[in-house]
Amino acid sequence: MGVKAMLPSYELGFYALVVTCAVLYSGSGIFEASRDSMNRKAFRDGIKPGWHYFGRKMDVADFEWVMWFTSFRNIIIFTLSGHVLFGKICSMTVPQHRAVMYMIYGALAVLGSMGLVYLMIILSHCLLLYSVALAKQKWLCYVAGLCCLASFKVEPFGSWQSGFVTGAFDLQDVLFYGGCTFTIMRGMSFALESCEKEEGIYSIFDLLKYNFYLPFFFFGPVMTFDQFHAQVSTRELRRKDDEMKSIRVNALLHVGAIVAVDIFFHFFYILTLPSDLKFVNRLSDWSL
(Lines give C-alpha, C1' and ligand atoms only; values in the text may rest on other atoms or scores of the structure.)
Protein backbone atom coordinates (compact mmCIF):
# COMPACT_ATOMS: atom_id res chain seq x y z
CA MET A 1 0.00 0.00 0.00
CA GLY A 2 2.55 2.55 -1.10
CA VAL A 3 5.30 1.28 1.24
CA LYS A 4 8.63 0.75 -0.54
CA ALA A 5 11.27 -1.48 1.02
CA MET A 6 14.69 -2.43 -0.27
CA LEU A 7 16.20 -5.85 0.23
CA PRO A 8 19.22 -5.99 2.57
CA SER A 9 22.52 -5.24 0.85
CA TYR A 10 24.01 -8.61 1.84
CA GLU A 11 21.06 -10.41 0.19
CA LEU A 12 21.37 -8.39 -3.01
CA GLY A 13 25.11 -9.05 -2.99
CA PHE A 14 24.51 -12.78 -2.60
CA TYR A 15 22.10 -12.82 -5.57
CA ALA A 16 24.58 -10.85 -7.69
CA LEU A 17 27.37 -13.28 -6.78
CA VAL A 18 25.25 -16.32 -7.71
CA VAL A 19 24.23 -14.83 -11.07
CA THR A 20 27.80 -13.75 -11.85
CA CYS A 21 29.23 -17.19 -11.07
CA ALA A 22 26.53 -18.87 -13.17
CA VAL A 23 27.21 -16.58 -16.13
CA LEU A 24 30.98 -17.08 -15.89
CA TYR A 25 30.64 -20.85 -15.64
CA SER A 26 28.24 -20.96 -18.57
CA GLY A 27 30.45 -18.58 -20.55
CA SER A 28 33.51 -20.77 -20.03
CA GLY A 29 31.64 -23.68 -21.65
CA ILE A 30 30.59 -21.55 -24.60
CA PHE A 31 34.15 -20.23 -24.96
CA GLU A 32 35.59 -23.74 -25.09
CA ALA A 33 32.97 -24.87 -27.59
CA SER A 34 33.67 -21.82 -29.76
CA ARG A 35 37.44 -22.34 -29.61
CA ASP A 36 37.26 -26.03 -30.51
CA SER A 37 34.76 -25.60 -33.35
CA MET A 38 36.01 -22.59 -35.28
CA ASN A 39 37.42 -24.77 -38.08
CA ARG A 40 34.45 -27.10 -38.50
CA LYS A 41 33.18 -27.37 -42.08
CA ALA A 42 29.60 -26.83 -40.94
CA PHE A 43 30.55 -23.40 -39.56
CA ARG A 44 32.55 -22.24 -42.56
CA ASP A 45 29.91 -19.75 -43.70
CA GLY A 46 29.26 -18.30 -40.25
CA ILE A 47 32.83 -17.88 -38.98
CA LYS A 48 35.17 -15.65 -40.95
CA PRO A 49 38.53 -13.96 -40.32
CA GLY A 50 38.19 -10.93 -38.05
CA TRP A 51 40.70 -8.84 -36.11
CA HIS A 52 43.93 -10.70 -36.83
CA TYR A 53 45.66 -9.59 -33.60
CA PHE A 54 43.09 -11.60 -31.62
CA GLY A 55 44.22 -14.78 -33.35
CA ARG A 56 40.60 -15.89 -33.57
CA LYS A 57 37.97 -15.87 -36.27
CA MET A 58 34.77 -13.88 -35.93
CA ASP A 59 31.12 -14.93 -35.85
CA VAL A 60 29.45 -13.13 -38.79
CA ALA A 61 26.05 -14.85 -38.60
CA ASP A 62 24.42 -11.60 -37.45
CA PHE A 63 23.95 -10.08 -40.91
CA GLU A 64 22.55 -6.81 -39.48
CA TRP A 65 25.72 -6.20 -37.49
CA VAL A 66 27.88 -7.01 -40.50
CA MET A 67 25.87 -4.75 -42.81
CA TRP A 68 25.94 -1.79 -40.43
CA PHE A 69 29.72 -1.95 -40.17
CA THR A 70 30.57 -2.73 -43.79
CA SER A 71 28.42 -1.38 -46.62
CA PHE A 72 26.26 0.90 -44.43
CA ARG A 73 29.06 2.23 -42.24
CA ASN A 74 30.08 5.05 -44.56
CA ILE A 75 26.46 5.98 -45.26
CA ILE A 76 25.65 6.26 -41.55
CA ILE A 77 28.72 8.38 -40.80
CA PHE A 78 28.10 10.64 -43.79
CA THR A 79 24.38 11.10 -43.10
CA LEU A 80 24.66 11.77 -39.36
CA SER A 81 27.68 14.04 -39.86
CA GLY A 82 25.62 16.00 -42.37
CA HIS A 83 22.78 16.21 -39.85
CA VAL A 84 25.09 17.62 -37.17
CA LEU A 85 26.81 20.05 -39.54
CA PHE A 86 23.55 21.16 -41.16
CA GLY A 87 21.90 21.64 -37.77
CA LYS A 88 24.85 23.66 -36.46
CA ILE A 89 24.75 26.00 -39.44
CA CYS A 90 20.99 26.49 -39.04
CA SER A 91 21.35 27.12 -35.30
CA MET A 92 23.91 29.84 -36.00
CA THR A 93 22.02 31.52 -38.85
CA VAL A 94 18.27 30.88 -38.46
CA PRO A 95 17.75 29.33 -35.01
CA GLN A 96 13.99 29.96 -35.15
CA HIS A 97 13.70 27.70 -38.20
CA ARG A 98 16.13 24.96 -37.23
CA ALA A 99 13.31 22.43 -36.62
CA VAL A 100 12.10 22.97 -40.19
CA MET A 101 15.61 22.42 -41.51
CA TYR A 102 15.94 19.22 -39.49
CA MET A 103 12.64 18.03 -40.96
CA ILE A 104 13.73 18.76 -44.53
CA TYR A 105 17.10 17.06 -44.04
CA GLY A 106 15.50 14.02 -42.43
CA ALA A 107 12.87 13.68 -45.14
CA LEU A 108 15.53 13.91 -47.85
CA ALA A 109 17.64 11.27 -46.08
CA VAL A 110 14.63 8.92 -45.91
CA LEU A 111 13.82 9.65 -49.54
CA GLY A 112 17.37 8.92 -50.65
CA SER A 113 17.68 5.69 -48.67
CA MET A 114 14.22 4.14 -49.09
CA GLY A 115 12.58 5.85 -52.07
CA LEU A 116 9.56 8.03 -52.79
CA VAL A 117 6.90 5.36 -52.26
CA TYR A 118 8.18 4.58 -48.76
CA LEU A 119 8.07 8.28 -47.95
CA MET A 120 4.45 8.36 -49.11
CA ILE A 121 3.60 5.43 -46.80
CA ILE A 122 5.15 7.29 -43.87
CA LEU A 123 3.23 10.45 -44.73
CA SER A 124 -0.03 8.51 -45.00
CA HIS A 125 0.39 7.17 -41.45
CA CYS A 126 1.15 10.69 -40.22
CA LEU A 127 -1.94 12.07 -41.97
CA LEU A 128 -4.14 9.31 -40.55
CA LEU A 129 -3.02 9.84 -36.97
CA TYR A 130 -3.28 13.61 -37.36
CA SER A 131 -6.87 13.19 -38.56
CA VAL A 132 -7.64 11.02 -35.52
CA ALA A 133 -6.09 13.65 -33.25
CA LEU A 134 -8.68 16.17 -34.46
CA ALA A 135 -11.35 14.26 -32.51
CA LYS A 136 -9.37 14.82 -29.27
CA GLN A 137 -10.39 11.40 -27.91
CA LYS A 138 -7.56 9.50 -26.24
CA TRP A 139 -9.15 6.08 -26.65
CA LEU A 140 -9.52 6.71 -30.38
CA CYS A 141 -5.84 7.67 -30.63
CA TYR A 142 -4.83 4.41 -28.95
CA VAL A 143 -7.14 2.33 -31.15
CA ALA A 144 -5.95 4.02 -34.36
CA GLY A 145 -2.27 3.66 -33.43
CA LEU A 146 -2.58 0.01 -32.44
CA CYS A 147 -4.54 -0.76 -35.62
CA CYS A 148 -1.80 0.89 -37.69
CA LEU A 149 0.81 -1.25 -35.93
CA ALA A 150 -1.30 -4.38 -36.39
CA SER A 151 -1.65 -3.67 -40.11
CA PHE A 152 1.96 -4.84 -40.59
CA LYS A 153 1.19 -8.24 -39.06
CA VAL A 154 -2.27 -8.86 -40.52
CA GLU A 155 -2.64 -10.00 -44.10
CA PRO A 156 -3.23 -8.75 -46.71
CA PHE A 157 -2.40 -5.32 -45.23
CA GLY A 158 1.21 -6.22 -44.34
CA SER A 159 2.25 -7.51 -47.75
CA TRP A 160 0.24 -4.75 -49.44
CA GLN A 161 2.26 -2.04 -47.66
CA SER A 162 5.64 -3.74 -48.01
CA GLY A 163 4.91 -4.43 -51.68
CA PHE A 164 5.07 -0.72 -52.47
CA VAL A 165 8.82 -0.63 -51.78
CA THR A 166 10.71 -1.93 -54.80
CA GLY A 167 14.33 -3.02 -55.02
CA ALA A 168 16.15 -5.12 -52.45
CA PHE A 169 19.09 -4.86 -50.09
CA ASP A 170 19.95 -6.75 -46.93
CA LEU A 171 18.65 -4.21 -44.43
CA GLN A 172 15.58 -3.12 -46.36
CA ASP A 173 13.10 -4.99 -44.15
CA VAL A 174 14.75 -3.72 -40.98
CA LEU A 175 14.63 -0.09 -42.13
CA PHE A 176 11.12 -0.48 -43.55
CA TYR A 177 9.50 -1.84 -40.41
CA GLY A 178 11.66 0.22 -38.06
CA GLY A 179 10.77 3.51 -39.73
CA CYS A 180 7.07 2.66 -40.04
CA THR A 181 6.53 1.41 -36.50
CA PHE A 182 8.42 4.26 -34.87
CA THR A 183 6.49 6.71 -37.05
CA ILE A 184 3.23 5.29 -35.73
CA MET A 185 4.45 5.48 -32.14
CA ARG A 186 5.48 9.09 -32.64
CA GLY A 187 2.11 9.77 -34.24
CA MET A 188 0.36 8.32 -31.18
CA SER A 189 2.43 10.54 -28.89
CA PHE A 190 1.53 13.58 -31.00
CA ALA A 191 -2.17 12.68 -30.98
CA LEU A 192 -2.26 12.15 -27.21
CA GLU A 193 -0.49 15.45 -26.55
CA SER A 194 -2.97 17.18 -28.87
CA CYS A 195 -5.78 15.77 -26.73
CA GLU A 196 -4.19 17.43 -23.70
CA LYS A 197 -3.92 20.80 -25.43
CA GLU A 198 -6.63 23.10 -24.09
CA GLU A 199 -7.26 25.12 -27.23
CA GLY A 200 -7.10 23.45 -30.65
CA ILE A 201 -4.39 20.97 -31.55
CA TYR A 202 -0.86 21.12 -32.80
CA SER A 203 -0.44 21.49 -36.56
CA ILE A 204 0.47 18.66 -38.89
CA PHE A 205 3.64 20.62 -39.56
CA ASP A 206 4.61 20.06 -35.92
CA LEU A 207 4.02 16.33 -36.40
CA LEU A 208 6.24 16.23 -39.49
CA LYS A 209 9.03 18.13 -37.73
CA TYR A 210 8.79 15.66 -34.87
CA ASN A 211 8.65 12.56 -37.05
CA PHE A 212 11.46 13.33 -39.49
CA TYR A 213 14.09 14.23 -36.93
CA LEU A 214 16.69 11.89 -38.42
CA PRO A 215 18.53 10.48 -35.36
CA PHE A 216 15.20 9.15 -34.04
CA PHE A 217 13.54 8.15 -37.30
CA PHE A 218 14.39 4.50 -37.97
CA PHE A 219 15.10 3.09 -34.51
CA GLY A 220 14.27 5.67 -31.86
CA PRO A 221 14.64 6.23 -28.99
CA VAL A 222 11.10 7.54 -28.70
CA MET A 223 11.19 11.05 -27.31
CA THR A 224 7.62 12.07 -26.52
CA PHE A 225 6.18 14.94 -28.51
CA ASP A 226 5.89 17.34 -25.58
CA GLN A 227 9.62 17.04 -24.80
CA PHE A 228 10.63 17.41 -28.44
CA HIS A 229 8.31 20.38 -29.01
CA ALA A 230 9.62 22.17 -25.93
CA GLN A 231 13.23 21.75 -27.05
CA VAL A 232 12.82 22.80 -30.68
CA SER A 233 10.62 25.76 -29.71
CA THR A 234 13.37 27.28 -27.55
CA ARG A 235 14.84 30.26 -29.37
CA GLU A 236 17.57 31.06 -26.87
CA LEU A 237 20.10 28.29 -27.40
CA ARG A 238 22.30 27.97 -24.36
CA ARG A 239 24.66 25.13 -23.66
CA LYS A 240 24.60 23.80 -20.12
CA ASP A 241 27.84 23.83 -18.16
CA ASP A 242 28.26 20.06 -18.13
CA GLU A 243 26.62 19.33 -21.49
CA MET A 244 29.82 18.73 -23.45
CA LYS A 245 31.09 16.45 -20.69
CA SER A 246 27.87 14.43 -20.90
CA ILE A 247 28.18 14.21 -24.70
CA ARG A 248 31.77 12.94 -24.45
CA VAL A 249 30.89 10.39 -21.77
CA ASN A 250 27.94 9.04 -23.77
CA ALA A 251 30.02 8.93 -26.96
CA LEU A 252 32.72 6.91 -25.19
CA LEU A 253 30.08 4.57 -23.73
CA HIS A 254 28.60 3.93 -27.18
CA VAL A 255 32.02 3.32 -28.75
CA GLY A 256 32.90 1.04 -25.85
CA ALA A 257 29.68 -0.93 -26.31
CA ILE A 258 30.37 -1.37 -30.04
CA VAL A 259 33.91 -2.60 -29.38
CA ALA A 260 32.70 -4.92 -26.61
CA VAL A 261 30.11 -6.54 -28.88
CA ASP A 262 32.68 -6.95 -31.64
CA ILE A 263 35.09 -8.64 -29.20
CA PHE A 264 32.23 -10.83 -27.99
CA PHE A 265 31.66 -12.06 -31.55
CA HIS A 266 35.35 -13.03 -31.75
CA PHE A 267 35.24 -15.28 -28.69
CA PHE A 268 31.66 -16.56 -28.43
CA TYR A 269 30.04 -18.00 -31.55
CA ILE A 270 26.54 -18.03 -30.06
CA LEU A 271 24.86 -17.27 -33.40
CA THR A 272 26.67 -19.88 -35.47
CA LEU A 273 26.82 -22.80 -33.00
CA PRO A 274 23.05 -23.50 -33.01
CA SER A 275 23.13 -23.97 -36.80
CA ASP A 276 24.58 -27.49 -36.34
CA LEU A 277 22.16 -29.54 -34.25
CA LYS A 278 24.52 -32.51 -34.00
CA PHE A 279 27.14 -30.27 -32.45
CA VAL A 280 24.61 -28.62 -30.14
CA ASN A 281 23.51 -32.02 -28.82
CA ARG A 282 27.04 -32.56 -27.47
CA LEU A 283 27.09 -29.30 -25.51
CA SER A 284 26.53 -29.25 -21.77
CA ASP A 285 23.31 -27.94 -20.28
CA TRP A 286 25.16 -24.91 -18.91
CA SER A 287 26.49 -24.04 -22.36
CA LEU A 288 23.02 -24.37 -23.85
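Here is a walk through this structure, from its overall layout down to single residues. Keep in mind that what you're looking at is a predicted model.

Let's begin with the big picture. The domain assignment splits the protein into domain 1, made of 40-61 + 243-287, and domain 2, which covers 70-223. Notice that domain 1 is written as two separate pieces of the chain. If you take the C-alpha centre of each domain, the two centres lie 32 Å apart.

Two pairs of residues help to give a feel for distances here. F78 and V280 are 202 residues apart along the chain, and their C-alpha atoms are separated by 42 Å. A260 and Q161 are 99 residues apart in sequence, with 37 Å between their C-alpha atoms.

Next, a look at what a database record says. An unreviewed UniProt entry lists residues 12-31, 65-87, 99-130, 212-230 and 251-271 under "transmembrane region". How much helix does the model show over two of these stretches? Residues 212-230 are 53% helix and 0% strand, with 16 Å between the end C-alpha atoms. For residues 251-271, the figures are 81% helix and 0% strand, and the end C-alpha atoms lie 27 Å apart.

Now let's zoom in on one helix, α3. This helix has 21 residues and runs 30 Å from its first C-alpha to its last, close to the 30 Å expected at 1.5 Å a residue. Which residues of α3 are buried? They are T79, H83, G87 and C90. These buried residues cover an arc of only 70 degrees around the axis, so they sit on the same side of α3. That buried set packs against α4 and α10. Turn to the other side of α3 and you'll find exposed residues: N74, I77, F78, V84, L85, M92 and T93. F78, which we met above, has a relative accessible area of 65%. It counts as exposed because the cut-off for that label is over 50%.

Helix α6 lets you try the same way of looking again. It has 13 residues and reaches 18 Å from first C-alpha to last, close to the 18 Å expected at 1.5 Å a residue. Its buried residues include C141, A144, G145 and C148. Looking down the axis of α6, you'd see the buried residues fall within an arc of 95 degrees, so they line one face of the helix. What do the buried residues of α6 pack against? Their partners are α5 and α8. On the other side of α6, W139 and L146 are exposed.

The loops on either side of α6 each hold a backbone detail that is easy to miss. In the loop between α5 (116-133) and α6 you'll find K136. This residue has a positive phi of about 55 degrees although it is not a glycine. K136 is partly exposed, with a relative accessible area of 27%. In the loop between α6 (138-150) and α7 (157-162) sits P156. The peptide bond joining E155 and P156 is cis, with omega at about 10 degrees.

So far we've followed helices and loops, but what about the inside? The largest nonpolar core has 45 residues, and Y118, F176 and F212 touch the most other members. Several helices feed this core: α4, α5, α6, α8, α9, α10 and α11 each supply at least two of its residues. To see what a busy spot looks like, click on F212. Leaving aside neighbours within four places in sequence, F212 is in contact with Y102, M103, G106, A107, V110, L119, I122, L123 and F217. There is also a second, separate core of 8 residues, with I47, Y269, L273 and L283 among them.

Finally, let's stop at helix α12, which spans residues 243-267. Two residues of this helix make a nice contrast: is D262 buried or exposed? At 10% relative accessibility, D262 counts as buried. Not counting residues up to four places away in sequence, D262 touches W51, M58 and W65. A260 is also in helix α12, but at 42% relative accessibility A260 counts as partly exposed.

Key:
Residues numbered from 1 in each chain as written. Predicted model: local features only at pLDDT ≥ 70, side-chain atom pairs only at ≥ 80, totals over all residues. Heavy atoms only, no water. Helix = DSSP H or I, 4+ residues; strand = E, 2+ residues; numbered from the N terminus. Buried < 20%, exposed > 50% of the residue type's maximum accessible area, 1.4 Å probe, protein only. Core = buried A, V, L, I, M, F, W, Y, C linked by side-chain atoms within 4.5 Å. Contact = heavy atoms within 4.5 Å. Expected span 1.5 Å × (residues − 1). Arc of directions from axis to C-beta. UniProt positions renumbered as here; feature names shortened; annotations may be inferred. Domains from an automatic or database assignment.
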